[in-house]
Amino acid sequence: MVNYLIVLFAVTLVYFASAERLVIYVKLIGLQGLLLCGIALFELKEVNTANLVFIMAETLVFKAFLMPYLLTGIIGSSGVMKVHRQAMPGFYLLLFSILALLSSVILANALENPFVNTIYMVIALYSLFTGLLLIVTHRLIISHLIGFLILENAVFIFSLAMGSKMPMLINVGILLDIFVGVLILGFFGLRLRPNTNELTRLKD
Amino acid sequence: MSISVIILRNKTLTKFITGSFALLHILFTVYCWLNLNRTELTYFTFNSPGVLLLSVLSLLLIPTVYHGFIYASGDDTRKFNTYHSALIALITFMTGAYLANGMTVLWIFVEATTLAVAVLIYHDRTESALEATWKYVFVCSTGIALAYLGILFLGFIYGREDAATLSFASLSNIISQANPLYLKVAFVFVVIGFSTKMGLFPMHTVTIDAHSVAPPPISALISTTLMNVGFLAIFRVYVLFSSSSVLPFMNSVLILSGVLSLLIAAGYMLKAKHLKRMLAYSSLENMGLVAIAIGVGGAGYYAAFLLLVLHSLSKSSLFYQMGQLSRVLHTFQLDDCGKYMKLYPAGALVLITGMVCILAIPPSGLFITEFMIFKGLVFNGQWFVLISAIVLLCFIVYAMSTRIMHIVFSGPRKGSGPEIPDRLNPVETLSQFVFLGIVVVMCFYQPPFLVDLINQSIAILPV
């Protein structure tokens, strides 16, 4: 079952590369949160119940609902529905995404380890590359934020891979989630325009 | 103390609490010196490199607090208290990062510094401050996530239930049996991630923007003690892996990162029009040299630590002086600055002395460190790195010296300068002269307690 969830997670990453509407991005982030909750439930059987409940609650509340809710609010207030027209076209991004998947498979196999399931490694690396691709190729701040959330999910999958042995690593990883919360709240608080692509006041 | 400053809402009390905090911090550093290598509260050890960099922080604390009082004196009580609350929090987090004895604890404190610094960068509430804060938080968050991936790779190597804290001591026992590819991946992630804090290539941009808008006393901390935090995080992993077969790989990564940092610093310093950005690029240059020094190995290890200490003293002096310069000339733009020697001779002397010190021109103590690095490069036969570094440093010396000399002696390129320049008391420059004096003295004499502590910090590394 857990393998199906992981493969489904990979499908969402492919979809990220081809989608251009921000609302799709938000839905995919929510879906990834739900999938991570499921993966945590199946994977962390050896962790004590209280810790498992905490981790699942965090993924469900924070990743699956709170984040998409906040992002929907940002999109609603900015009125921007699609990624910036100067962003890399979806087709090329898809090609890069496939390249990233192949690289992830090769790298994960090179990094075979008795403590870690290789499929986790593949998807975590793929998620990492996809997040970085979105940050690098897109122009809008909101796209960068979504790229960062994908990258953060990659960190969570990595920590899940070790979670049964070292639950402390997941708890520390959750700190990163809280940090993202502050990031997004700061985004609201500082009233930076999410549709801006002109953060160029500071330059030489 | 940080919370009490926010709650009390009284400027005088805030000054008293912040001053007391600075004194307590100095006493704590003395306590650390007296109890070297002792572990407290399970997660903190008063280890040599940590205590050395903690001492630098303590040394900078009084002038930073003093210049902070002056900088924020015109602010309303809320803004004044927020500034000092964030400052106390930042110093506490940096102290925690210096003394952490495990990777996860170190990471948590480094993550926490980002939040405190963000508040301080946004202090002036301008559009530029907003942009710099956003960039700082976003890039640091990405860097921190990547650094955490590096830590997770350490976890993969260990894979045991008793490794909850990933302490350096527990990891050092199993590194020699680990898969070298894991070590390489972990090290690359750690270098990229913590380079946001160290201000090193490839994530150097974040600190450059932060410097241009942060209050000068905060720039002094970001450019010195916070960069030292980033260095320490990378150095801890370097020390951990140094007994394995990946040592040459780590050295290559650091030297590459260092040379590219020098290249970027040289390129941008030649076109810098903003004084604080120019100093920020100078920090990038010095961190590049630190990375090269570690990559060189041998005497380079000693040079790296001495360079960090002396760079902290010189650069903080220059940033404190930038605060005074902006009060006299009301600008940081190079084209609008000039005749500083006439307007504020004490400040102009600090600028000239600081320039000599930071550019490693004898009798600056930094000259000794650069000499040791170049000697190491010659000894290793790394001629390409040596020639690249020397050529790039020539550009940097030219760019910085022409700009500083212009400010001190020439008239402004645009306009005629401020109509009624503010007059400042020369006593305000006292701490800057003391720090620069220490840097000069270090060229001829390095006190045994400092030499011993640096040698203890690098004792475990291969010769």
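## Basis of the model

A residue is called buried here if 20 or more other C-beta atoms lie within 10 Å of its own, exposed if 12 or fewer do, and partly exposed in between, with the C-beta atoms placed from the backbone. By this rule B:Ala360 is buried, because it has 26 C-beta neighbours inside 10 Å.

The structure is a predicted model, in which local features need a pLDDT of at least 70 and side-chain atom pairs count only at pLDDT 80 or more, whereas totals for chains, interfaces and linings use all residues. Residues are numbered from 1 along each chain as its sequence is written, and chains are lettered from A and ligands numbered from 1 in the order in which they are written. The model scores ipTM 0.83 and pTM 0.90. For chain B, the average pLDDT (the predictor's confidence in each residue, from 0 to 100) is 89, and 97% of the residues score at least 70. Where pLDDT is low, the predicted coordinates should not be read in detail.

## Chain A

Chain A has seven helices and zero strands, where helices (H or I, at least four residues) and strands (E, at least two) are DSSP runs numbered from the N terminus. Of the 204 residues in chain A, 43% are buried. Two residues are taken to be in contact if their C-beta atoms, placed from the backbone, lie within 7 Å; among the contacts in chain A with a separation of 6 or more, 72% are between residues 24 or more positions apart.

Within this chain, A:Gly33 sits in helix α2 (residues 22-43) and counts as buried because it has 24 C-beta neighbours inside 10 Å. When residues up to four places away in sequence are left out, A:Gly33 touches A:Thr59, A:Lys63, A:Ala64 and A:Met67. The C-alpha atoms of A:Gly33 and A:Leu140, by comparison, are 23 Å apart in space, with the two positions 107 residues apart in sequence numbering.

## Chain B: overall form and core

The secondary structure of chain B consists of 19 helices and two strands, and its C-alpha atoms fill a box of roughly 70 × 55 × 40 Å along the principal axes. The radius of gyration of chain B is 21 Å, which agrees with the value near 23 Å for a compact globule of 463 residues; this radius is taken over C-alpha atoms, and the globule rule is 2.2 Å times the number of residues to the power 0.38. In chain B, 60% of the 463 residues are buried, and 79% of the contacts between residues at least 6 apart in sequence join residues at least 24 apart.

The largest nonpolar core (a set of buried Ala, Val, Leu, Ile, Met, Phe, Trp, Tyr and Cys residues joined through C-beta atoms within 7 Å) has 233 residues, and those with the most contacts inside it are B:Leu90 and B:Ile121. Helix α6 (residues 127-158) of chain B gives the largest share of this core, 20 residues. Beyond four places in sequence, B:Ile121 touches B:Ala129, B:Ala132, B:Thr133, B:Tyr136, B:Ala210, B:Val213 and B:Ala214.

## The two domains of chain B

The domain assignment, whose bounds come from an automatic or database source, gives domain 1 (1-245) and domain 2 (256-463) in chain B. Their centres, taken over C-alpha atoms, are separated by 22 Å, and 32 residues of domain 1 are in contact with 36 residues of domain 2. On the domain 1 side, the elements giving two or more residues are α3 (48-72), α8 (180-198), α9 (205-213) and α10 (216-241), with α10(B) providing the largest share, 12 residues.

B:Met250 is found in helix α11 (residues 247-271) of chain B, and is buried because 24 other C-beta atoms lie within 10 Å. Apart from residues up to four places away in sequence, B:Met250 touches B:Phe187, B:Tyr238 and B:Phe241.

## Backbone details in the loops of chain B

A cis peptide bond with omega of about 15° joins B:Phe201 and B:Pro202, and B:Pro202 is in the loop between α8 and α9. Another cis peptide bond, with omega of about 10°, joins B:Pro362 and B:Pro363, the latter lying in the loop between α15 (345-358) and α16 (365-380).

B:Ala360 lies in the loop between α15 and α16 and has a positive phi near 60°, although this residue is not a glycine. B:Asn37, also not a glycine, has a positive phi of about 70° and is placed in the loop between α2 (11-34) and β1 (39-40); B:Asn37 is exposed, because 10 other C-beta atoms lie within 10 Å.
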